[in-house]
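Student: Got a minute to go through this one with me? I'd like to know what stands behind the labels.

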Amino acid sequence: MDQPESSVSHAAAQTGPTPRRLGARGLVDREELVRVIAQSLYSLGYRKAAAALEVESGVPLYPPEHDRLLLDVMSGRWDACAATIDSLAGISERNRAVAEFLVWRGHFLELLGTGDDGVRLATEVLWRRIAPLGINRKCVHWLARAMVSCEGAVAPEAVAEWRIGLFLDLVEALPPWFRVPSGRLEHLVETAVIQQVASCIYHNLPDEVTLFEDHNCHDEQIPSDCTQILCAHKNEVWFVKFSNDGNYLASSSSDCTAIIWKVAEDDTLTKKYCLEGHKSPISFVAWSPNDRMLLTCGNGESLKLWNMDTGECNLKFGASVDHIISSCAWFPNSEKIVCASSEPESSPNMIFTCDLEGRELEMWAGERIPKVSDLAVTPDGQNLICVCPNEIWIRELRKGREWKIPERQTISSLSLSGDGQSMIVNLNSQEIHLWKTNGSSSEPDKFKGHKQGKFVIRSCFGDQTLCSLLVAVRIHRCTFGKDAWRFQ
């Protein structure tokens, strides 16, 4: 509790007339603002400055009722405490009864700690003071049992510390004007800053925000210029993905190779590895959460696991003709992956997990398993999200609970936000839909403007604060320059 060094009367002299309401719209109460500032100064250790503010403004950090109640509680003047509570304005009858219950309960437990004579007096307090308040009968019954067991009785040597705790409990039950919550000014300022950042349509970088001016980003924050063209692939680039730490870029192509690019300090990219061995175009790549491994998924071919320290293939998954993998994702510990298989036509659709040795750990198969084109695991490892032609299928892995989000158009891709709370799907109808992963949204946020022609469009979240969407199209050369959409 931030106690002021001096007690200041509400009637302190004013240096001149001051308006009660401040701000262009008159929304800020002057006394409330002064009290919030004083509380912040005390919490920062500027006690002399805070006390001077109270004196000069004539506004005390705590109202007279606060100081009076504190003194009465610490002195054990219980009738005076009840009278102060009864005189407070802006408090509901329910909260008033709760506050009075706390006072008389404190008196009751202190009496129990004084011996046999105290038990007799405690009985009177229980039936004359506490019972008529109409508080939960379980509380009254517990106090009645305490007269026999002495449970919760306050020993005389512990009274001072007990009364401090009692006063803090009382403060929580009283109206907001009675005390200023700790850190209130910081909370108000931070809330305003968060709102400004959220309303900034170009915010895309986790830059520090200053309090000296309103937050405002320029359109240059969104990447829109081509800065480099990577031409090492010999055919169409089908997929690109930065590593989680942003130090590498993986690109896959219909030329049956994947290339690992190193991001230099000046943000230029240079070729590090060319991953060869697939016999079919590579349609998908996935970085492990620790960025030490990469999965590549061939089009109608097996899955390969690559070591990013050496650029060599460590393992080939799904060599069986009945186990052709169509999509895959990592679990957050980088020790397990989940795969979906929906080919050939004679085999049932299946979803299975396996370790990095290729051993199958768990499998779901059968008619109820949909044909999965894309999937993801939430960062907490709790939920599996699968994209089917016209729906999103979500399974809570631990409890086995499942739910579906229907879409009217065919889904072409899925992207999960960094916190796992949101996901975006691209549709063949030229729309991007934003959904909550917990199924709480009945309708998605929708984004339009891109044009999907011959090639697949894959969207992703554009920054750490989830303030933008980036949209990239499968192209012949890997070109850095993207369109961006802002969402609220």
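**Strands, then cores**

Tutor: Let's start with one pair: Val425 has His433 in β22 as its bridge partner. Keep in mind that this is a predicted model, where local features need pLDDT of at least 70, side-chain atom pairs count only at pLDDT 80 or more, and totals for chains, interfaces and linings use all residues. Residues are numbered from 1 along each chain as its sequence is written, and side-chain values use heavy atoms, leaving out hydrogens and water.

Student: How do you know that β21 and β22 pair?

Tutor: Pairing takes at least two bridges found by DSSP between two strands. β21 (residues 422-427) and β22 (residues 431-436) have five, in the antiparallel sense, so they pair. Strands here are DSSP runs of E, at least two residues, and helices are runs of H or I, at least four, numbered from the N terminus.

Student: What makes β20 and β23 edge strands?

Tutor: The open, antiparallel sheet runs β20-β21-β22-β23. β20 (411-416) and β23 (445-448) each have a single partner strand, so one side of each lacks a neighbour in the sheet.

Student: Why is the set with Leu69, Phe108, Ile130 and Leu170 called a nonpolar core?

Tutor: The name means buried Ala, Val, Leu, Ile, Met, Phe, Trp, Tyr and Cys residues (buried: under 20% relative accessible area, 1.4 Å probe, protein chains only), joined through side-chain atoms within 4.5 Å. The largest such set has 37 residues, and those four have the most contacts inside it. α5 (93-112) is one of the contributing elements, and its ten residues are the largest share.

Notes
Buried means under 20% relative accessible area, exposed over 50%, partly exposed in between (1.4 Å probe, protein chains only).
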